[in-house]
Amino acid sequence: MVRVALLPLAVCLAIPAASAQTRSLSGSVSSYAPATEAPAPAWEARIGAGLANPGGRESGLPNLSADLLSPRIVPLSDRIAAAFIPRFNLGASVNLNGTRYAYAGATWSFDVTRDIFVEASLAAALNDGKTGPIVPENRLALGCNTGTREAAALGFRLSDRWSLVTTLEHFSTVGCSDKTGSTGRGPANIGARLGYTF
């Protein structure tokens, strides 16, 4: 009789224990379940530093830079085809003691491997450099405040969101030298930028 009375008690105790174990197990399973793939990044922000115009006027001055890149106009999964689809970019190159400029244009990227990529950029640009007939010896003689910005880059993906991009950029002042008789050579800067996609 005692055994029969203890049987319902044992069942009553076992049900909550089993229920608790099931809840614990399901929580454990979900926490170890493989993560779903994150949505494709849309925008990318980059910020970095480098040296201004090595080997020329304004040489070796510290240079800060920043970029904002849009997603590709048409997203493609094929890396060869995607290389021909540009991303729009907006950025600035700030020389602390020399020529500064801002630009807007397009960037083409090609994935060499999953973690390594190369880029080429072309943009319209404005600068605040020296343009008159008398230019200090330590400053570039640009000829005018408009031009183009060309850049080449080698990038390394550190993770799904972060990248490190080494960049060589040049501010071109083609056609400006006729206005002042100067050489009209713009700055060429080298540096590295840390990028974050979101």
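I take two strands as paired if DSSP finds at least two bridges between them. On that basis I looked up strand β2 (residues 62-72) and β3, which pair in the antiparallel sense over 8 bridges. The model is a predicted one.

Overall count. I read off 3 helices and 8 strands for the protein. Along the sequence I noted the pattern α-β-β-α-β-β-β-β-β-α-β. The chain has 198 residues, and 32% of them count as buried. I also looked up the exposed surface, which is about 11,900 Å², with carbon and sulfur atoms supplying 68% of it. For contacts between residues at least 6 apart in sequence, I found that 57% join residues at least 24 apart.

Barrel. I followed the strands round and found a closed barrel of 8, in the order β1-β2-β3-β4-β5-β6-β7-β8, with antiparallel pairing. From one strand to the next the twist averages 25°.

Strand β3. I went back to this strand, residues 87-95, to sort its two faces. Arg87, Asn89, Gly91, Ser93 and Asn95 make up the covered face. Phe88, Leu90, Ala92 and Val94 make up the uncovered one. On the β2 side, I found Arg72 opposite Arg87 of β3. On the other pairing, β3 and strand β4 (residues 101-111) are antiparallel over 7 bridges. There I found Ser93 opposite Tyr101 of β4. I noted that β3 and β4 form a hairpin, with 5 residues between them.

Arg46. I placed this residue in strand β1. Which side chains does Arg46 join by a polar contact? I found one polar contact of 3.0 Å to the side chain of Glu44. I found another, of 2.7 Å, to the side chain of Glu119. The relative accessible area of Arg46 is 6%, so I entered Arg46 as buried. Setting aside neighbours within four places in sequence, I listed the residues in contact with Arg46. Among them are Ser65, Ala66, Asp67 and Leu69, then Arg87, Phe117 and Glu119. The list also includes Val165, Arg193, Leu194 and Gly195. Arg87, one of these contacts, belongs to the covered face of β3.

Ala49. I found this residue in strand β1 too, which spans residues 44-51. Is Ala49 buried or partly exposed? Its relative accessibility is 43%, so I entered Ala49 as partly exposed. Leaving out residues up to four places away in sequence, Ala49 touches Asn63, Leu64, Ser65, Gly191 and Ala192. I checked Ala192 further: 143 residues separate Ala49 and Ala192 along the chain, and their C-alpha atoms are 5.9 Å apart. Ser65 is in the contact list of Ala49 and also in that of Arg46.

Ala151. I placed this residue in strand β6, residues 146-157. How many bridges join β5 to β6? I counted 11 between strand β5 (residues 116-127) and β6, which run antiparallel. Ala151 of β6 is the bridge partner of Ser121. With a relative accessible area of 11%, Ala151 falls under the 20% cut-off and is therefore buried. Beyond its neighbours within four places in sequence, I found Ala151 in contact with Glu119, Ala120, Ser121, Thr167, Leu168 and Glu169. Glu119 is thus listed for Ala151 as well as for Arg46. I last looked up Asn189, which lies 38 residues from Ala151 along the chain, with 9.4 Å between the C-alpha atoms.

Note on methods:
Residues numbered from 1 in each chain as written. Predicted model: local features only at pLDDT ≥ 70, side-chain atom pairs only at ≥ 80, totals over all residues. Heavy atoms only, no water. Helix = DSSP H or I, 4+ residues; strand = E, 2+ residues; numbered from the N terminus. Buried < 20%, exposed > 50% of the residue type's maximum accessible area, 1.4 Å probe, protein only. Contact = heavy atoms within 4.5 Å. Polar contact = N/O pair within 3.5 Å; in protein donor to acceptor, adjacent residues only side chain to side chain. Axes fitted to C-alpha atoms, helices over the stretch in contact; angles between N-to-C directions. Areas by Shrake-Rupley, 256 points an atom, 1.4 Å probe, with all protein chains shown as cover.
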